[in-house]
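Let's take a walk through this chain together, from its overall layout to a few individual residues. Please have the sequence and the model at hand.

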Amino acid sequence: DNENDNDNDSQVNSDDEETDDQRRRRIMKQRAEEERRKRETEEEQQILRVSMERFAVPEVLFRPLDAGLTPDLVGLAEAIHQSVQACPRCYHAPLYQSICLTGGVSQLPNLKERLERDLRRLVPNELDMKVTMVEDPIFAAWKGAQKWINSKPYTEWSVSREEWESSSKRRAYKRLLVENGGIYM
């Protein structure tokens, strides 16, 4: 009987009008299809639900000890400061003024502001400091390296392992910096 009713419904409404029963069935079928697609999508995706981790994981960049890492590891601000301090004094001011954030991690919310705040505590007050973010942080480093490599022959900006080991560091630095327009003191 029910099948006959269904056939009658489709025959009675052949002029593009659907009955309440047909509309209800169509909607139920659409909902079932949407639910099926949603289940398939969820099965295909790997979903990681986070709460405090969203804030705690980036904090490790600044305080690695909080994650139980070894005490000899320093945070991002300290690493930058140590790197600059390891360079000749004449480079400190320009290096502190040319800190550039790039790569996927640089897109973390408030990373730039936090780095500036933490670095300001370490950098002497008489030195200016500038932290910038590039427009396209994901590909900027790659594009910059590609441009630099294509600008000069490889032999002009590199030192072979043999040359490095057979000469003093001072001579290798001199060849790389002075002969290529840099300054070495």
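What follows goes from the whole chain to its core, and then to two single residues.

A word on the ground rules: this is a predicted model, in which local features need pLDDT of at least 70 and side-chain atom pairs count only at pLDDT 80 or more, while totals for chains, interfaces and linings use all residues. Residues are numbered from 1 along each chain as its sequence is written, and side-chain values use heavy atoms, with hydrogens and water left out.

The chain has 9 helices and 2 strands, taken as DSSP runs numbered from the N terminus (helices are H or I, at least four residues; strands are E, at least two). Read from the N terminus, the order is α-α-α-α-α-β-α-β-α-α-α. Of the 185 residues, 15% count as buried, where buried means under 20% relative accessible area, exposed over 50%, and partly exposed in between (1.4 Å probe, protein chains only). The chain exposes about 14,900 Å², with carbon and sulfur atoms supplying 52% of it; these areas come from the Shrake-Rupley method with a 1.4 Å probe, and for residues only the protein chains shown count as cover.

Now for the interior. The largest nonpolar core (buried Ala, Val, Leu, Ile, Met, Phe, Trp, Tyr and Cys residues joined through side-chain atoms within 4.5 Å) has 14 residues, of which Ile80, Tyr96, Ile99, Leu115, Leu119, Val123 and Val131 touch the most other members. Helix 4 (76-85), strand 1 (99-101) and helix 6 (111-122) each supply at least two residues of this core. Leu115 shows how this looks up close: leaving aside neighbours within four places in sequence, Leu115 is in contact (heavy atoms within 4.5 Å) with Phe62, Leu76, Ala77, Ile80, Ile99, Leu101 and Val131.

Which residues of helix 4 are buried? They are Ala77, Ile80, His81 and Val84. These residues lie on the same side of helix 4 because they cover an arc of only 100° around the axis, the arc being that of the directions from the helix axis to the C-beta atoms. Their packing partners are helix 5 (92-96), strand 1 and helix 6.

Two residues deserve a closer look. Arg114, in helix 6, is buried, with a relative accessible area of 18%. Beyond its neighbours within four places in sequence, Arg114 is in contact with Glu59, Phe62 and Arg63. Asn110 lies in the loop between strand 1 and helix 6 and is exposed, with a relative accessible area of 57%. Its phi is near 65°, a positive value in a residue other than glycine. Most residues other than glycine have a negative phi.
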